[in-house]
Amino acid sequence: MDLKDIQNLIKFVAKSGASEVKLETDDVKITIKTGGDDKGETTTYVQQIPVGTPVAQAPVAPQTVATTQAAPAEAEANSKYITIKSPIIGTLYRKPSPDKPLFVEVGQTIAEGDVLCIIEAMKLFNEIESEVSGKIVKILVDDASPVEFDQPLFLVDPS
């Protein structure tokens, strides 16, 4: 099972409304748990354990994705912008390496297909490319920060 399959599974489970899904293949065991409260917040827990690997006896804290509703004034101000979101869980890097310049900066014009950042997930470095053309208005995540699936990363003005 590759990273794309896992991403698609997470999206499917989030949209389906299921509270828990367990999937076990020859080499991977995945458990996805979702739950919410009456404030409109949703929490998704994803835990992946390679089968055949000894599991520690201590409890393991699952990674958590928490999305909250933004303030109405801020949401209205950002409504004219396109939000580029993280397609995967991992660590975001804004540079290809520590001694290289940043991929993009605020005010920079980008084209479709330009690399915006790299997200490291499971020891793989995934280039995140822009799906839109426009101007970077805001960068929402710091360099070397952990990011969650579907977390907003950049605001782009398409005009």
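**View 1. Phe125 and its ring partner Tyr93 in a predicted model.** Let's start with Phe125, which counts as exposed at 52% relative accessibility. Tyr93, at 26% relative accessibility, counts as partly exposed. Their ring centres sit 6.4 Å apart with the planes at 40°, so the pair is tilted. This is the one aromatic pair that the structure holds. The two rings link distant parts of the chain: Tyr93 belongs to strand 6 (residues 90-93) and Phe125 to strand 9, with their positions 32 residues apart in sequence.

**View 2. Glu120, a buried residue without a salt bridge.** Stay with the two rings for a moment, since Glu120 is in contact with both Tyr93 and Phe125. Further contacts of Glu120, again leaving aside neighbours within four places in sequence, are Ile89, Gly90 and Thr91. Glu120 lies in strand 8 (residues 115-121). Which side chain of opposite charge is nearest to Glu120? That is Lys123, 4.8 Å away; a salt bridge would need a nitrogen-oxygen distance within 4 Å. What Glu120 does have is a polar contact, side chain to side chain, with Tyr93 at 3.3 Å.

**View 3. The largest nonpolar core and the strands that supply it.** This core has 19 residues, and those touching the most other members are Leu92, Leu116, Cys117, Ile119, Ile136, Leu153 and Phe154. Strand 8, strand 10 (134-139) and strand 12 (152-157) each supply at least two of the core's residues. The largest share, four residues, comes from strand 8. Apart from this core lies another one of eight residues, including Val13, Val28, Ile30 and Ile32. As background, nonpolar side chains tend to be buried together in soluble globular proteins.

**View 4. The surroundings of Leu116.** Zooming in on Leu116, and leaving aside its neighbours within four places in sequence, you will find contacts with Ile84, Phe103, Val104, Ile110, Ile128, Glu129, Ser130, Ile136 and Phe154.

**View 5. Two loop residues, Lys123 and Asp150, with positive phi.** Here is Lys123 again, now for its backbone: phi is about 65°, a positive value although the residue is not a glycine. Lys123 lies in the loop between strand 8 and strand 9 (124-129), and its relative accessible area of 71% makes it exposed. Asp150, also not a glycine, has a positive phi near 70°. Its loop joins strand 11 (145-147) and strand 12. Is Asp150 buried, partly exposed or exposed? With a relative accessible area of 38%, Asp150 is partly exposed.

Notes
Residues numbered from 1 in each chain as written. Predicted model: local features only at pLDDT ≥ 70, side-chain atom pairs only at ≥ 80, totals over all residues. Heavy atoms only, no water. Buried < 20%, exposed > 50% of the residue type's maximum accessible area, 1.4 Å probe, protein only. Lys, Arg positive; Asp, Glu negative; His and termini not counted. Polar contact = N/O pair within 3.5 Å; in protein donor to acceptor, adjacent residues only side chain to side chain. Contact = heavy atoms within 4.5 Å. Core = buried A, V, L, I, M, F, W, Y, C linked by side-chain atoms within 4.5 Å. Phe/Tyr/Trp six-rings, centres within 6.5 Å; stacked < 30°, edge-to-face > 60°.
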